[in-house]
Number of protein chains: 2
Amino acid sequence: MITIALDAMGGDHGPSVTVPAALGALSKEPTLKLVLVGRQEVLAAELAHRRAPEGARLTIHHAPEVVAMDEPPAQALRSKKESSMRIAIDLVKQGVAQAAVSAGNTGALMATARFVLKTLPGIDRPAIVTTLPTVHGHVHVLDLGANVDCTPEQLLQFAIMGSILVSAVEGKPRPRVGLLNIGQEDIKGNETVKKTNELLRASRLNYVGYVEGNEIYTGDLDVIVCDGFVGNVALKVSEGLAQMISRFMVEEFKRNWRTRLAGAVALPVLRAFRNRVDHRRYNGATLIGLNGTVLKSHGGADVVAFEHAILEALAEVDHRVPERIGGELGSMLGEGQVA
Amino acid sequence: MITIALDAMGGDHGPSVTVPAALGALSKEPTLKLVLVGRQEVLAAELAHRRAPEGARLTIHHAPEVVAMDEPPAQALRSKKESSMRIAIDLVKQGVAQAAVSAGNTGALMATARFVLKTLPGIDRPAIVTTLPTVHGHVHVLDLGANVDCTPEQLLQFAIMGSILVSAVEGKPRPRVGLLNIGQEDIKGNETVKKTNELLRASRLNYVGYVEGNEIYTGDLDVIVCDGFVGNVALKVSEGLAQMISRFMVEEFKRNWRTRLAGAVALPVLRAFRNRVDHRRYNGATLIGLNGTVLKSHGGADVVAFEHAILEALAEVDHRVPERIGGELGSMLGEGQVA
C-alpha cells in the first residue's frame, strides 16, 4: 500500500479538479491510498457532491490555509505553515505519505519541499524534471526552472538523477544522456557547458555528447540536461508553439462551410493526432533530488492531467526513485569525482 | 538601383537553389541588381541551363573557393580569402553591393562579416535576428546564436537594434520590446537578466518587461531579446517540435484507406494551414550591428526560401537599417547611458 498526499486546494481549479482526479486514480490503482489535504468543509462537500465517502483508501486531512498561485515562495514558506501544500509535504516528512502532489505555485512548492524534506546526500540542489513527447516515445528534460544558474557539478548531478529516474521507472539499463548546447562541435557553447561536457565524459553515464534544441523531439535520447533558465524557455516555447499551431488548425477548418465539412470528415484523424500530442499525458514534473517524492502538476491541469500526475508519483514511489538516487549517485561519478 | 551580392555556392544545395532564386527575385523587383559570386564555369553553366543570360541586372563575379558547411570559422577566415562568401562580403565593403546573402556556414559568415565590415559605432558585437510567426503576425527575436554570453549592455544594444529594424522595415513607430525570462515577477531570472531589465526600463525603448518562452508565439510583441544560447535553443526547439507535429499529422492521415480518404477531403485546408506556418516565409536571419547588410539564409533553404532572404535583404537596404542604427543608437539610450 502506497499513500500519496494531495494538495487538494492547489492549482487554478482546486478541489473541482483534484477530488475527481483522486477518485479516478483510486479506481485504477487498488493498492493506492490518497490523503486529500485542504479545507475540511470544502473537501467534504466536494466528496459528498460526488457521492464518494471517505474510507480506508481516501481520507481528508484538514489544512486551514492555501498558498496563492502568485505568492512569493519565501513568504509562503514563512507565513503559511498550515497551508495544504505545506501539510501535504509534512506528511511525506513524517512518513504518513510516501509522496506529495501539488498543482500549486512552483516556487513555493520547491522552497517548501527543500526546506521540509532536504536534498539527498551528494545533491547540491533539487531540479525539476518532466517528460516531453518525441517522434519515438518521450524524453526526460531537466532542469526546467528550479536553478537559473548551475555549476558543471550541479549539471552532472542532474544528469545522474535523470538517468536513475529513467532506469528505475522505465527499466532501461543505460539511458542515453545528452547535454543541451547550441551546436555539436566541441568549440561551441559557454564555459559551463564545456566543463559539464568533460565531467559527463568522465562519468559512468551513457553520455552521447552535445545535442541541439531540435533533438528534444527527435527521440534519440532518454535524458537531456540543461540549466533551469534554458530548460524553462524550451518548455514554454514548446507550449506556445503547440498552442499557436492548434489554433491555426482550428481556424483553417472553421473558415467556411466547405472547410467545416472537411473538418467533420477528418475529425477522427484529427482526434487521433490530438491524443498523440496530448500534453495532459505528460503532466507532472518531479522535484528530483529530495528525500521524498514530490510531483508538481501544471497549475491549469484538468482531471485527466492531474490524475496522470498522481499515477506518475505512484510509479516513482513504487520504483524507489529517491532511494536509488541516494544509493547509486556515487557509483555513477567518474574516477576522482566525489559525490 | 540596389545591388546585392549572393554567395551563390553556399548552402546545402549551392547554385541549383541560389541561381533560380536570384532569377525569381529579379523578376519581382525591377530595381534590383544581383551579383552571383562563385565559380565562373559552374554559375555560367547554371544560367545557360536556365536560358538566363548575364546582363545589366545579373552578373557573375568569379570566386575560386568555397567555405565548407562544417569548416571552423577561424580557418575559413584565415585560409579562404577567395571564397564566394568572403568575396560577396568584400563587395559590400567596397560599395559595389549594398548587401550580401549567404546560405553558408553561420559561424564563418559571422566571423567574416565582422572582420571585413566591422561593427557599427556603439555596438560591441553583432547579433543574429530573424522573424518568427505568431498568432497575430510575426516577431523579431535576437540573438539567435552569435553570442553565447552577453552583458546587460550588449542585450540593451540588441534591443535597440531590433527596435530600429522593426521600425524601419515595418514602419511601426514604437515597437514593443520584451526581455525573455522564466517568469514575469521581478524576482525571477539571473543577474544578467535583472540588470538588463533595469537598463531597458531606463532606455527610451517601448519596453514592456519580462516575457516567457510561450509569449514568442502569442503575438503581443515586436521584438524579443535574449542571449544567443537561449535564443538558439528557442529557435531549434521550435523547429524540432514543428517537424514532429507535421510528421505525426502525416502519419495519422496515412494510417489506412479511411484516414487517407479523410486526408484527401481535408487537403485544401491542410495546405492552407501549412502555408500559414511555412518556415520558408521566415527564411533569412540578419547579421545586425554591422557596417552593411548581411543576411544568412537557412543552409537547407529551397528556391522559395532563398528568394525570400534576398527580398528581405533588399527591404533592409531600402530602409537603410544599418545607417539608422548608427544614427539613432545614442538617442535610444536612457539618460546617463553612453553608446
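**Exercise 1.** In this predicted model, find how many salt bridges the rule gives across the interface of chain A and chain B, and examine the pair formed by E212(A) and K236(B).

*Solution.* Begin with the count, which is 2 salt bridges across the interface of chain A and chain B. Next, turn to the side chains of E212(A) and K236(B), which meet in a salt bridge with an N to O distance of 2.2 Å, and this lies within the 4 Å that the rule allows. Then add the polar contacts, for which the rule finds 4 residue pairs across the interface of chain A and chain B, both residues being at pLDDT 80 or more.

**Exercise 2.** Describe which residues make up the side of chain A that touches chain B, and how much area is buried between the two chains.

*Solution.* Sorting the residues of this side of chain A by type gives 29 nonpolar, 13 polar and 8 charged. As for the whole contact, chain A contributes 50 residues and chain B contributes 50 residues. The area buried between chain A and chain B comes to about 4700 Å², with carbon and sulfur atoms giving 79% of it. Of the area that chain A buries against chain B, 14% is supplied by I182(A), F229(A) and R276(A), more than any other three residues.

**Exercise 3.** Decide whether V233(B) is buried or exposed, and list its contacts beyond its neighbours in sequence.

*Solution.* First locate V233(B) in helix α8 of chain B, which covers residues 228-253. Its relative accessibility is 1%, so V233(B) counts as buried, the cut-off being under 20%. Finally, leaving aside neighbours within four places in sequence, V233(B) is in contact with L180(A), I182(A), G213(A), V230(A) and A234(A).

Terms used
Residues numbered from 1 in each chain as written. Chains lettered and ligands numbered in written order. Predicted model: local features only at pLDDT ≥ 70, side-chain atom pairs only at ≥ 80, totals over all residues. Heavy atoms only, no water. Helix = DSSP H or I, 4+ residues; strand = E, 2+ residues; numbered from the N terminus. Buried < 20%, exposed > 50% of the residue type's maximum accessible area, 1.4 Å probe, protein only. Contact = heavy atoms within 4.5 Å. Buried area = accessible area lost by both parts, 1.4 Å probe. Polar contact = N/O pair within 3.5 Å; in protein donor to acceptor, adjacent residues only side chain to side chain. Nonpolar A, V, L, I, M, F, W, Y, C, P; charged D, E, K, R; others polar.
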